[in-house]
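Me: Please take a close look at a single part of this molecule for me, and then show me what lies around it. I am in my first year, so a step-by-step tour would be lovely.

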Amino acid sequence: MSPPDSAEPLPGVSPLEPGSSSTTEPAVPWSRFVQLFTAVMLPIFLAAVDQTLLATATPAIARDLGDLRDTAWIAVGYLLSSTIMAPLYGRLGDRYGRRDALVAALGLFAVGSTACMASQGMWWLIASRMLQGLGGGGLMVMSQALIGEVVPPRQRPRFQAYFGVVFVLASVAGPVVGGLVVSRFSWRWLFAVNLPLAAIAAWRVLRLPRSPRHAVPGQGHDALGVVLFAGMAGLALLWLTLAGHRFPWVSAPSLAMAGVAVLLGALLARRERSQTHPFLPLELLRIPAIAWTSLTVTLFAASMFALVFFLPVYLQLGKHGNAAHAGLLLLPLTAGLVLGSNLTGRLVAYTGRPDQPPRFGLVLAALALLVLGWLPGGSWTVGVLGVVAGLGFGTVMPTSQLVIQTVAGRARLGAAAATVSLARSVGASVGTAVFGALVFGLASTAELQAALRGTSEQATLQVIHAFHLTFMAAGALTLVAAWSSTRVPRIEL
C-alpha cells in the first residue's frame, strides 16, 4: 500500500520537538554556512573517497602483494570497521561534543593511512585498512551531525546539495584518481596524500565553536554490544566472501561460520533490547520513516558500491584496459551522481518533500544496471549507462539525511547521522562482499589470473560473463531498493 497523501504526525516526533518543525528556526547566515562547509568538506571527502579509492588500483596491488581473490577485503575491511564504529561515534558525539569527536576520528584515520602506506603484504594492508576505517567511520557521521547542528531542517535542502556533491564526487572520483596515480606512480601514494589532508581538516574543524553536549544521565557505552556487533558482522562478511570458492557452501567451515554469526546476532538483539541506551540506535529504527529509509540506503549502497568497485576491475580484466582508462570511464557516473544530487536538492527545496525523489531515481538506476549486464560493455555503453545510473543513485543520499535528521530531532542528530552512515556502510560492505563472491565464484582462480595477464581469450570471456551476471543482480537489488523507498511515509520539511 502506498503512503497516504495527507501529512500525518510521524511516530516518535513531538510537534514541538526541534527538528520536526522549522517555523521558529532562525535562518543560518551564509558566512556561518561557509565556515561550516570549509571545515567539514575535507572530512566528508576523505570518508567517501577512501571507500572507493583502491578500485582501479586493485589489479596492481594484486600483482605486488598477492592473490586477486583477497583484494575484495581491501574494500570490505575498511567498510566493516567503519560500519562498526559509526553508531559508536554517533553516541560519543552526542555525549562529548561532535566537533571533538570528529577531530579524534581524523587522527585515527591518519594513523591507519600511515600503516597502509607501509604495508608489505596483502593481509598487512587489509589489517591497516581496518585500522583506517576505525577513524573513517566517524568522519561522515560527525560531519553530518555538525551540519544538522547548525542548519535548520527547512534550509538543509538548499545547502545539502553542496555536501551531496562533495560526497558523490569523492565516491566515484576515487577510482579515477586511483587509476591515474597507479598508472604513473605507486599505489602507496594514494595513502600518503591522506596525511596532509587530514591535518588541514583537523585545523579547520578546531576553528569551529565547541559543540554542545547532550549527555543522558546513566548512559554508558555498551562495550559488549560493540563486541557482539563486530563479531557478527565480521564473521558474516567473511562467510559471504569465502564460501563457494575457498570451501563449499555446505561444509563444516561454512556451517560453523554461519552458525556462530547467527548466534552472535541473536545475542546482540537480546542485549540491545535490554539496554536503556543501546549501542545500536534501536529507538530510531522503531520509527517507520527511519526504518524504511535505512533499508533503502542499505540496498542502494550495496548496488552502487558494487558498481563503483567492480566496474573498473571488469574494464581491466575483461576489456584489457589500463588503470587510468578504467578510472576515466567512471567520470560519466560521477557526472550523473553530481547532477542527480544537485537536481534532487533543488527539487526538495522547492517541494519540501524529501521522500519522493528516490522512488523514481532508483528505478532509473536499476534499468541502467540491467542493461549494462545485458549489452556488450564498450566504452560508449559504459559511459551512457553510467550517466543514467548516476542520475538515479544521486537522488538517495541527499534525501535520506534530510528524512532521518528531520524525524530524529536536534538532540539525536549524532544518532541520526550514525543511522544513515551505518545503513550505507552495511550496504556497501555486504554488497562488495556478496557481489565479489558472485564474481569470484563464477570464475576460477586460473581464469582470473589468465584474464589479469591477458593470456587466454576463453578465460576472459568467462570473466566477462561473471561480471555481466553480477551487474544484473545489482540491478535487481536496486529495484528492491526502489520498492523500499515507496514505504517511507509522507514527510514535509
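Reply: Let's begin with a pair of helices, keeping in mind that this is a predicted model. Helix α12, which covers residues 288-317, packs against α20 at an angle of about 160 degrees, and their axes lie 9 Å apart. Angles over 145 degrees count as roughly antiparallel, so α12 is roughly antiparallel to α20. The crossing of α12 over α20 is left-handed. If you sort the residues of this contact by type, you find 20 nonpolar, seven polar and no charged.

Now step into α20 itself, which spans residues 457-485 and holds threonine 470. Is this threonine buried or exposed? Threonine 470 has a relative accessible area of 3%, and anything under 20% counts as buried, so threonine 470 is buried. Leaving out residues up to four places away in sequence, threonine 470 touches Phe435, Leu438 and Val439.

A second pair of helices makes a nice companion to the first. Helix α4 (residues 98-117) and helix α5 (residues 122-150) pack at about 155 degrees, and here the axes are 7 Å apart. Because of that angle, α4 and α5 are roughly antiparallel to each other. The crossing of α4 and α5 is left-handed. Their contact is made up of 17 nonpolar, eight polar and four charged residues.

Glutamine 132 is a good residue to pick out in α5. Its relative accessible area is 0%, so glutamine 132 is buried. The side chain of glutamine 132 makes a polar contact with the side chain of arginine 129, at 2.9 Å. Setting aside neighbours within four places in sequence, glutamine 132 is in contact with eight residues you can click on: Asp50, Tyr78, Phe109, Gly112, Ser113, Cys116, Phe191 and Asn194.

From here, arginine 129 leads us to another helix. Its C-alpha atom is separated by 9.9 Å from that of serine 82, although the two residues are 47 residues apart along the chain. Serine 82 sits in helix α3, residues 72-96. With a relative accessible area of 3%, serine 82 is buried. A polar atom of the serine 82 side chain lies 3.0 Å from the backbone oxygen of tyrosine 78. A handy rule for looking along helices is that an α-helix has 3.6 residues a turn, so residues three or four places apart point the same way. Beyond its neighbours within four places in sequence, serine 82 is in contact with Gly133, Gly136, Gly137 and Ser425.

One more helix is worth a glance. Helix α2, residues 58-65, is mostly covered, with six of its eight residues buried. Those buried residues are Thr58, Pro59, Ala60, Ile61, Ala62 and Leu65.

Finally, zoom out to the whole chain. The protein chain has 20 helices and zero strands. Of its 493 residues, 60% count as buried. Among contacts in the chain with a separation of 6 or more, 87% are between residues 24 or more positions apart.

Conventions. Residues numbered from 1 in each chain as written. Predicted model: local features only at pLDDT ≥ 70, side-chain atom pairs only at ≥ 80, totals over all residues. Heavy atoms only, no water. Helix = DSSP H or I, 4+ residues; strand = E, 2+ residues; numbered from the N terminus. Buried < 20%, exposed > 50% of the residue type's maximum accessible area, 1.4 Å probe, protein only. Contact = heavy atoms within 4.5 Å. Axes fitted to C-alpha atoms, helices over the stretch in contact; angles between N-to-C directions. Parallel < 35°, antiparallel > 145°, perpendicular 65-115°, else oblique. Left-handed = near helix turned anticlockwise from the far one by under 90°. Nonpolar A, V, L, I, M, F, W, Y, C, P; charged D, E, K, R; others polar. Polar contact = N/O pair within 3.5 Å; in protein donor to acceptor, adjacent residues only side chain to side chain.
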